[in-house]
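This report describes chain A and its contacts with a partner chain, moving from overall features to individual sheets, cores and the interface.

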Amino acid sequence: MTFRELSARPWRHRPLSEPFAWLPPEGNTPARWFSVGEWHGRIGAWQQQLLDTPNDSDSWRLYEPDPIEFGAALIAIWERGDRVVLPADNQPETLSGLRDAGVVLGSSGQTPEQMPSTRLPSRPPRWSSEPLPAVAVSLYTSGSSGDPQRIDKRFDQLDAELATQASLWPLRGQLVVSQVSHQHIYGLLFSILRPLCEASPFSAQPCRYPETLHTWLRCCKTEGRRIVLVSAPPALSRLPEALDWQPERAVLETIYSSGAPLSKGASDQVFERLGKPVHEIYGSSETGGIAWRVQQRGSAWTALPGVEVRHDEESRLWLRSSHLETPNQWQRQADLIAPTDDGFELLGRADRIVKIGGKRLSLTAMDRALATLPGVERATTWTLQRRDLRLAAVIQLSPDAMPHDHRQRRETVKRLRRALAARFETPALPRYWRFVDHWPTNTQGKLSAEIRQRLFQDLEDRRAPRWLGERPHESGWRIILEVPEHCIYVDGHFDGQPVLPGIALVHWAMQQARRLFAIDADFSGLERLRFPQPLLPGDRFEMTLEHRQDDAGASLRLECDSQRGKHVSGRIALTARQELKR
Amino acid sequence: MATTALEHELKEMIIETLELEDVTPDDIDPDEPLFVEGLGLDSIDALELGLALQKRYGITLESEAESSRQHFANLRSLAALVESRRQK
């Protein structure tokens, strides 16, 4: 097994003619190798770059998407005895938020402080006798409080992980192809540092799309080369079946996934299409790797060698691991686990950190950011079990900021998303919005699971209105509703000028009445019910309901009003519902 | 400029596939960017759209990923892609 730990500076010891990185084919240009010698030239170039760049501190913020350049910059900084700070992304607020963390290096793209985009010419590297820095890299993740938290990694921590991985799954000179960012710990370890320490080549370009992977597999098949794929759930759960993977897939040796658990369905699909099981790694920036699993063998996670796992009475995970900052101490984590015969199952988190598209997001930070925006009085977000846990937001707006129709609603959403865009990556921005004028709660004052479900019920049921709260009114109830744009009653009724038919309002009124007045009744007739003007998709309106029982029988008084005026007014006669025959 | 039948079909496909709850076909300006600004789609949506195009039109995107993603710039470029490469 070829493994040399980082502390032994493996980059100095490889034969210069050895392949370092694989330049994939582009257009008519065939694939070619980038040698260790060529890469050393890039280290030399970065060493010069660092000399030319004034920096008062001993740390450098590095955001560099090109893996070869990233690797060279990393080594150039370490050889100086300096620390590397890795921002999680290149959002302007992320970079400027790390002001104490030294000069920005690399093609950060969006910041005025960026380095000149032309790269310095290659030159021979200079190996110094400078000791390696105490802290190898610092990463930032969103803590449960929502503030970015710095995590320092020493060389011994990184080396412990790299050694474990090399012994479990030696790379043996296979080509490492990555679909994840090396700005995060998983990508850094698996797609940059492992190849470095195990003297295996990596791809000089990230492989973002399945079509790219398909082409590269074909190319490597011709070259007789085997591939290790470093991937993540967003890419693995969307492998097109239309691509014929069969002829090329034999080239794949191992598939890794990390960042979030892969669903069983996606895992099976990858196995079926690519012919290799996915090795999932569970861990975090703070903890490093904790456990792994292959779902075709079972859903439980197995602790990595050198990692000890236990749980407390609250099901919280406790960890003792050589990957942690204090390797001999048990540390409590935010994850909840349940032990099984062959390992443990993950039950979720005890705090408000979620993963969207594999990226960690603090809901606390999102809520706080939303609450500072103009017109927003209160905000909360959570993930919906739809399409990769997209974010749902409930926003209490001041009356003058409240949207009343489709166009205003779209503008409000656009305004809020734009305001968040400087701070959060696009997939993390809320996708499903509910604007309320009063905070919707149950009788205990909680925005309970039931209320949450009601707020988004129209996503599950295309016949339901968008429910946005309710309060007692005189002797009845006033309910705030919106006409969902894709409501089935609207759909296709009047092409060009879609409206909500009046009968849909009667259906909605009956549904709300059954819930609010606990009546079990059908409508038996519409009495003096007028529909002065139709509601349009996206319209926000108030439905006022009153349940009456008098000599004439039971009835429901119904009014619907929006900013444009009255939409329905009158009475619905009720009869007791027929007993349903079993 | 008038919207073609194919453009309308694609608008509905985008709305359905990506579950854009409050977007109607009229809200999608054929010349407006689909990603980030404009409609506000993101990297996960791009993967999802790629899948939908394959399912619906049998279009396999080229491996030169970046250039094929240029077809996703706006609705018109997407329609042009479908027009020229559709298998069904």
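Two residues are taken to be in contact if their C-beta atoms, placed from the backbone, lie within 7 Å. On that basis, residues 24 or more positions apart account for 62% of the contacts in chain A with a separation of 6 or more. The model is a predicted one, and the mean pLDDT of chain A is 89, with 92% of its residues reaching 70 or more. An exception to be kept in mind is the stretch 108–117 of chain A, over which pLDDT stays under 50, although the model has 17 contacts for these residues beyond four places in sequence. Where pLDDT is low, the predicted coordinates should not be read in detail.

Chain A has 582 residues, of which 42% are buried, and its secondary structure comprises 13 helices and 29 strands. The C-alpha trace of chain A spans about 100 × 55 × 55 Å along its principal axes.

Two open sheets of chain A can be set side by side.

| Strand order (chain A) | Pairing | Edge strands | Average angle between neighbouring strands |
|---|---|---|---|
| β24-β25-β27-β28-β29-β26 | antiparallel | β24 (466–473) and β26 (521–530) | 25 degrees |
| β15-β16-β17-β18 | antiparallel | β15 (307–311) and β18 (343–349) | 50 degrees |

In the sheet of six strands, the edge strand β26(A) pairs on one side only, and seven bridges join β26(A) to β29 (residues 565–576) of chain A in an antiparallel arrangement. Within this pair, A:Glu527 stands opposite A:Arg571 of β29(A). Helix α13 (residues 502–516) of chain A packs on the sheet, where it touches β25 (476–482), β26, β27 (540–550), β28 (553–562) and β29 of chain A, and the direction of α13(A) makes about 60 degrees with that of β27(A).

In the sheet of four strands, the edge strand β18(A) likewise pairs on one side only, and strand β17 (residues 331–340) of chain A is antiparallel to β18(A), with six bridges between them. One of the residue pairs here is formed by A:Ala338 and A:Glu345, the latter being its bridge partner in β18(A).

The largest nonpolar core has 84 residues, and those with the most contacts inside it are A:Ala73, A:Val84 and A:Ile227. Leaving aside residues up to four places away in sequence, A:Val84 touches A:Trp60, A:Leu62, A:Leu74, A:Ile77, A:Ala136 and A:Val137. A second core, separate from this one, has 50 residues and includes A:Phe424, A:Ile479, A:Ala504 and A:Leu558. Of these residues of the second core, A:Ile479 falls within the range of β25(A), A:Ala504 within that of α13(A) and A:Leu558 within that of β28(A).

Which elements of chain A give two or more residues to the side that touches chain B? In all, 27 residues of chain A are in contact with 22 residues of chain B, and the elements in question are α6 (210–223) and α10 (406–421) of chain A. The largest share, four residues, comes from α6(A). Sorted by class, the side of chain A that touches chain B has ten nonpolar, seven polar and ten charged residues.

Terms used: Residues are numbered from 1 along each chain as its sequence is written. Chains are lettered from A and ligands numbered from 1 in the order in which they are written. This is a predicted model: local features need pLDDT of at least 70, side-chain atom pairs count only at pLDDT 80 or more; totals for chains, interfaces and linings use all residues. Ala, Val, Leu, Ile, Met, Phe, Trp, Tyr, Cys and Pro count as nonpolar, Asp, Glu, Lys and Arg as charged, and the others, Gly among them, as polar. pLDDT is the predictor's confidence in each residue, from 0 to 100. A residue is buried if 20 or more other C-beta atoms lie within 10 Å of its own, exposed if 12 or fewer, and partly exposed in between; C-beta atoms are placed from the backbone. Two strands pair if DSSP finds at least two bridges between them. Axes are lines fitted to C-alpha atoms, for helices over the stretch in contact, and angles run from 0 to 180 degrees between N-to-C directions. A nonpolar core is a set of buried Ala, Val, Leu, Ile, Met, Phe, Trp, Tyr and Cys residues joined through C-beta atoms within 7 Å.
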